[in-house]
Amino acid sequence: MTTVTSSTGITLVTLQNCPPDVAFCGRVFTRISELGVVVDMISLAPNHGSNMDVSFTINDDDLGEILGFLAELREKAIKPIISGGNSKINVYDEKMKDTPGMAAKVFTAASRAGTDLRIVTTSDVDISILVTEADFLKTFTAIDAACKE
């Protein structure tokens, strides 16, 4: 059975101009964990030239904890972009790994709702999308209805 759940109060942080190095990502996420902040969604954009972009989400309430660290990164020519007040919609189904078309269903529903997708992460059994709070209700309703068809 497919379940659609949500959470609100999520900040998206994108670090632009990062070195294309997994060790760099390890250092970033280690530092964030040392600050006591839980990271949820993570997405790495493909390298373009000698740099890559790293996006991740945190709870809106935790943004203050990492602002100093983001300022340190800025000094190293890494550009943090912060977008607060987002919502995550999570579509989960154990059968998803053997069921073609689930991503198509979710993306089509979001498209029909006119959604501005901020970030998408997936696993074998779930699809998580981050949307603005302005798009949340219509997107959640559209995806929930599509998953019940």
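A residue is described here as buried when its relative accessible area is under 20%. In this predicted model, Ile-127 has a relative accessibility of 4% and therefore counts as buried. Ile-127 belongs to strand β6, which spans residues 126-132. When neighbours within four places in sequence are set aside, Ile-127 is in contact with Ile-89, Asn-90, Val-91, Met-96, Met-102, Ala-103, Val-106, Val-120, Thr-121 and Thr-122. One of these contacts, Val-106, is separated from Ile-127 by 21 residues in sequence, while the C-alpha atoms of the two residues are 8.2 Å apart in space.

The strand that holds Ile-127 is paired with strand β5, formed by residues 117-122. The pairing of β5 and β6 is antiparallel and comprises five bridges. Within this arrangement, Leu-117 has Val-131 of β6 as its bridge partner. The connection from β5 to β6 is a hairpin of three residues.

Helix α3 comprises residues 102-112, and its buried residues are Met-102, Val-106, Ala-109 and Ala-110. Viewed down the axis of α3, these buried residues fall within an arc of 100 degrees, so they line one face of the helix. Ser-111 and Arg-112, in contrast, are exposed on the other side of α3. The elements covering the buried residues of α3 include β4, β5, β6 and α4, the last of which spans residues 133-148. Two of the buried residues of α3, Met-102 and Val-106, are also among the contacts of Ile-127 in β6. After α3 comes Gly-114, with a positive phi near 70 degrees.

Positive phi values also occur in residues other than glycine. Asn-17 has a phi near 70 degrees and is located in strand β1, which covers residues 3-18. The relative accessibility of Asn-17 is 37%, so this residue counts as partly exposed. Ala-77, likewise not a glycine, has a positive phi of about 70 degrees. Ala-77 is situated in the loop between α2, residues 63-74, and β4, residues 79-92. With a relative accessibility of 56%, Ala-77 counts as exposed, because the term applies to values over 50%.

Technical notes: Residues numbered from 1 in each chain as written. Predicted model: local features only at pLDDT ≥ 70, side-chain atom pairs only at ≥ 80, totals over all residues. Heavy atoms only, no water. Helix = DSSP H or I, 4+ residues; strand = E, 2+ residues; numbered from the N terminus. Buried < 20%, exposed > 50% of the residue type's maximum accessible area, 1.4 Å probe, protein only. Contact = heavy atoms within 4.5 Å. Pairing = 2+ DSSP bridges. Arc of directions from axis to C-beta.
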